[in-house]
Structure formats: C-alpha cells, structure tokens
Amino acid sequence: MDSQTLYDKLWQQHVVHTEEDGTSLIYIDRHLVHEVTSPQAFEGLHLAGRKPWRSDSMLAVPDHNVPTTTDGAGIDDPISRLQVTTLGQNCEHFGITEFGMSDPRQGIVHVIGPEQGATLPGMTIVCGDSHTSTHGAFGALAFGIGTSEVEHVMATQCLIQRKSKNMRVWIDGELRTGVTAKDVVLAVIGEIGTAGGTGYAMEFAGPVIEALSMESRMTICNMAIEAGARSGMIAADQTTIDYIKGRPGAPKGEMWEQAVNYWGDLHSDSDAVFDHEVRIDGSTISPQVTWGTSPEMVVDIDSNVPNPADIDDPVARDGVARALEYMGLEPGIEIRQIQPDLVFIGSCTNSRIEDLRQAADVVKGRKVAATIKQALVVPGSGLVKRQAEEEGLHQVFIDAGFEWRNPGCSMCLAMNADRLEPGERCASTSNRNFEGRQGQGGRTHLVSPAMAAAAAVAGHFTSPEDL
Amino acid sequence: MEAFTELNGIVAPMDRANVDTDAIIPKQFLKSIKRSGFGPNLFDEWRYLDQGEPGQDNAGRPLNTAFVLNLPRYQGASILLARENFGCGSSREHAPWALLDFGFRCIIAPSFADIFFNNCFKNAILPVVLNDKIVDDLFSRVAEVEGYALSINLPEQTITTPDGDHIDFDVEDFRKYCLINGLDDIGLTLEKSDAIKEYELRRKTEAPWLF
Ligand code: SF4
C-alpha cells in the first residue's frame, strides 16, 4: 500500500461513501456541543421531526455564556440564561449527556473532552466551534463546524466533506528555557500567516513536538485554526496513551489493549508525502507577544512593533497602520514598553493545570503591579480548578492579587460579564486578538501563561527570567 | 433553503483583508437562539458609533456615516466584494445568517476561510473566489462607477460586468447542485442510511471502543 500521512489514514478510516467528484460522506465518532451554536440545530431537528442518530456520541456543556463569579447560581442576563437553559432542555429531551452549570465537571468544551477521555486517538471529532482543532493533539481528526453541520451530524452521524491537502509543520531541535507551546504556535503563525494553512490539514511533528506533554500539544493544535487550518494534528504516541489511561471514557480491560494496538498506527508513514512542508528550528523561538489585531501580527519579546513607514506594499502598510491605531501603539516602540491594564489567564488554549502551574511559578512570592486594574485566572474546568486548589496554586494567585474564578470561556470572547472596556489593554493567554474580541474597543496581546504572569507582576511585557 | 441560480445586484466593497466573523457579527448577538434577525447587526461595531446589544431597537442608533455599507451609493447591495481570508476566526454560522439577512447573496474575494466558505453554501450564499488581479480591478470599477452591478449566473458559472465582459468562476459540482436546487443536505444524506449502518457494523468490529 502507498505510504500515507496521519490525515490520510484518519480520513480513509471514516469514509462512508465517496461521490465521483470527490465529495465524501465522513462518519463522526464524537460530537461535542455547547450552548451558542446548537440551539438552531436542535430547533431544526424538532421542526423536521428528526432525532439524533447517536445521542451517545454527544457530550454537551455550557461554557461560552456562563458566569465565572458564582457557583452555578444562575445567570443574570436573561438572554444568556435562555441559551443555557435551552441547551439543558434539548439534552434532556434527546437523552444527551450534559455537564450542567452546577456539575463539578463543567468547563470549556475543549478542556473537558480530553479530560473525560471523550477525546480518543483515531476519532473524528466535531463541535460547532472553530477551536475543535484542539483535539487533534490526540492523533484524531478534529475540526470546527457551522450550525447547519451540527444539525447534519446530529441527524446523520456524518458530514459531507472534501479531503483537504496535507501540510506538515516540523519543529526541529529543542526549545530554550522559558519558551512554551504557546510561543511555538504563535511563532508558526507569524511565519506562515493566518491563511497559511487554509485548505490544509496541518500535522505538527518533529523533535520539539514529540517532547511536549499532551497539554502543550493541545495548545499547539488549538491554534491551528489561527493559522487557517481547520484541523491540526499530532501523531499518537506513548505520551498520548499515558494521558488517556484510566480516564472515564477510556476503553477498559481487553478493549484497552486492542485500542492501544490500533492507535500504534496513528502516525504519518516515514516516507509519506506532504503537499506543503514548513520547517522551523525550535531553538530559535523566543517568547512571543502579538502587537496587532490578527494572530500573525506577532514578534519576539525583545523586538519592536513594526513601523508602517518601513513597509513598501501599500495593502500591508495600511493593514499595519490600521492595527497600530486600533491598538493605540506608537509605530516602532519596544514590546517591553507596552503596559497592559488587565491580565487574563484562561481559555481553551491555556487554562489546563500545566498552564496554571507555569503562571503560578512566575507569580509565586510576587505581587501584581499597582498599574494593573484586574488580573483574572479562569481555570478551564471544574476539575482543573479543584486540582489547582489541591496544589495550592489558587493561594499563590490570590496572594499576588489575582482573582480566582470559576471555569468558562470568560474573557476569551467576553460573552459573559468578563470583558474589556473600550481602550483597555489586556495581556491574554487566549487565541484571538481581533478587534473587539474581548469587548468592544478592547486591545488584546496574546501571550503564554508565563508571559501573562510576568506582565502582571512587572506591569509591562517582559520575559519571566528578567523579573 | 432558497435556491440560487442567477443574481443581478449592486456591489458593495469591503476593502480590508482578514475580515473575521467577530467583525461580521459581534459575539453579544450570538446569544440568540434563532437563525433570523441578525441583519441589522451585521458589522455592528463598524456600522454604529455606540455599542449594540441584542434585543435593542437599532433604528435610533447613531450611524458611523463613513462606514462603507452606510454610504447611500451602496444601499440595496446584494454582492459583497472582499479581500483575502474573508470570514476567518470563529465558526459561527451567525455570520452568513447576518449577511443573508442584510441582503447579500454573493461574496467575491481572492480567498475565504474554510469554515465560513462552507457555511455560506448551507445558507444560499454563493462565495466566489477570483484571482487578486480581477478582484483589484473590480475594486477600482466599484469605486469609479456609482451603482456598479454584476450579473451572476451559477449554472453557467459566469459573472457578467456592465461592460459585457465575462468572468468565469469555479464551484464544486455537488455544492452547485445543492444551491441551484435549494437542497437540504440532511435529506440527501439520509438516503444513504444503509451505507451508514453498514459502516457502523464494520467499525464495531474494528474499533468497538468507539461505540
Ligand atoms: S475559550 Fe475562547 S476560543 Fe475556546 S471555546 Fe471558549 S470562546 Fe472559544
């Protein structure tokens, strides 16, 4: 048989039917659901008198709208509340497992899937959310879909798709101390641009990726979509298997052995051919900070923001000038001079236990700078929160002047009460720095948890080693 | 879904790259549990001077008169001319719902983000990819000629300019077929129920832990 990429294998294992023009019906193993992109899909089912094909393939959780200040005590905003209760009603009606707001397992959909073992290697995983790419870290084919497709998967367990092209991002060498997965993925996006992966399934590989923990791999795949790729993926290996073992959704007994055996093939063959390949030397990557309104507008901590005057191409020059104006930044200033007003540690990119540990390491024994108006830590799930509290991390944050919140998407997209006011500047561990993403007129700088913590303490961007 | 065959309409220009779905429809409007009514809040943060909230009466809100869709010459536009990577960011289908509700049936750009591109077809919007040079030319023509309109013929896969020039475009057969016939693809897929069940039987032996 011809050699195949990981994506080729995953694709082939899930094809139910292919039309002459290449349009295929792909079987979906896991469907994750949240409150924002599902109500219209459920409504479609009701209207057509249809039922979900396999309710047991679904796992639902409210995350985007939930408040992070109270313990499941209800939502003040009536419109948000309606959306969350609608999810609950639909799940009950169709017999879908839901971790409601007062369930200790509630959290961000992309954090709880892996945590519960609902995300397994070799699966096709979809969710009405673009950061579904996160789950590709397990050697799975995972991607975000729109609401019509959510309804389609509910009703048929399948999606109509065309095969993407193959792209591999190979990270060589070894990371320097203080450089994390977030810096790696931001550097990749800086290199290839936010449309660099459009039309591709993107595999991350190489010595740097192999050495990363599962949580770090999730951070990388999470942001594949920010590089334009609908799915990001990493081969399954011993790290993957060790992470899954014993989780509630993991296969048990004899089936575990069978599954582990099957997962052993979930990697690209050594002579597989990619349509496009990018190589980056991991040892050249420094801590990253975005300065603009697109994740590709990113530089090293030791750099300066660009100056439109130095750019020849008029469309690019305009884009940079417009971003700097929105961000309220002088052309050419040093990144280290930029002073955030708020710090947000959270989101499906960086809210898992390792992220909190990294941030707490930096914060320990220090205080949030007096110029910072608010510093938030929002754990990715109730279970992450509990573990952090067992390790005493919450106390480290609280002692330093951070607020310790309940799980949810929170200030990643500001659909709940956590948001920036116009003109406010935030050092954020989330994944999008678009205009208005964290609140209308808000200004977002994307960084790693350690860098966010360092900015909170110093009052300006700096690397943790320089504190 | 409404069928799409031919469209003759005014073109409105959106002259910036990487227009994301947060910009197309800001997140506060995602709290709705309906599919309709998003048109008045399309590009809300660029279109109005105040901050929009769901459920608000939009008629009395202060307009940003400089924003392109507020200019009198583009009123009634049904074709949006855009730049690279249009529709990037969040997967929200509220973005095509808002564009459709506002009146856009066709978007022309040098490139689109994948999820958005796909969502358009599910909502009777035709996204057309044309090369940079043609898109550049169209931007200049739209700026020069007030009321600049294009005729789009999906069965023929051509766009006709006011000067009578023809521009051909590509579209996948299956998507074209669904658009022209206004087909709901759930119904089409359910015709293959037997194949899906067969697949499930096979997978239950290969990978039983998935069930
Ligand atoms: S944390 Fe942010 S990016 Fe992740 S699912 Fe929630 S809103 Fe989306």
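Here is a short tour of a predicted model, one selection at a time.

**Stop 1: a lysine indoors.** Start with Lys182(A), which you'll find in helix 6 (residues 181–192) of chain A. Lys182(A) is buried but has no salt bridge. Its nearest side chain of opposite charge belongs to Asp183(A), 7.9 Å away. So what does Lys182(A) touch, leaving aside neighbours within four places in sequence? Show its contacts, which include Thr219(A), Met223(A), Asn350(A), Ser428(A) and Val447(A).

**Stop 2: cysteines.** How many disulfides does the structure hold over all chains? Zero. Pick Cys426(A) to see why: the closest cysteine sulfur, in Cys412(A), is 10 Å from its own, too far for a bond. Then try Cys88(B), whose sulfur is 13 Å from the closest cysteine sulfur, in Cys120(B), again too far for a bond.

**Stop 3: rings in chain A.** There are 20 aromatic pairs over all chains. For one of them, select Phe138(A) and Tyr243(A): the ring centres are 5.4 Å apart and the planes sit at 65°, so this pair is edge-to-face. Phe138(A) is in a loop between strand 6 and strand 7, while Tyr243(A) is in helix 9, so the pair ties together parts 105 residues apart in sequence. Buried or exposed? Both are buried.

**Stop 4: over to chain B.** Now select Trp46(B) and Phe67(B), a tilted pair with 6.2 Å from centre to centre and 55° between the planes. Add Arg16(B), and you'll see its charged end over the Trp46(B) ring, 3.9 Å from the centre.

**Last stop.** Finish with Phe86(B), Phe112(B), Phe116(B), Phe117(B) and Phe121(B), which form one aromatic cluster.

Conventions:
Residues are numbered from 1 along each chain as its sequence is written. Chains are lettered from A and ligands numbered from 1 in the order in which they are written. This is a predicted model: local features need pLDDT of at least 70, side-chain atom pairs count only at pLDDT 80 or more; totals for chains, interfaces and linings use all residues. Side-chain values use heavy atoms; hydrogens and water are left out. Helices (H or I, at least four residues) and strands (E, at least two) are DSSP runs, numbered from the N terminus. Buried means under 20% relative accessible area, exposed over 50%, partly exposed in between (1.4 Å probe, protein chains only). Lys and Arg count as positive and Asp and Glu as negative; His and the chain ends are not counted. A salt bridge is a side-chain nitrogen of Lys or Arg within 4 Å of a carboxyl oxygen of Asp or Glu. Contact means heavy atoms within 4.5 Å. A disulfide is a pair of cysteine sulfur atoms within 2.5 Å. Rings of Phe, Tyr and Trp (its six-membered ring) pair if their centres lie within 6.5 Å; planes under 30 degrees apart count as stacked, over 60 as edge-to-face and the rest as tilted. A charge sits over a ring if NZ of Lys or CZ of Arg is within 6 Å of the ring centre and within 35 degrees of the ring normal.
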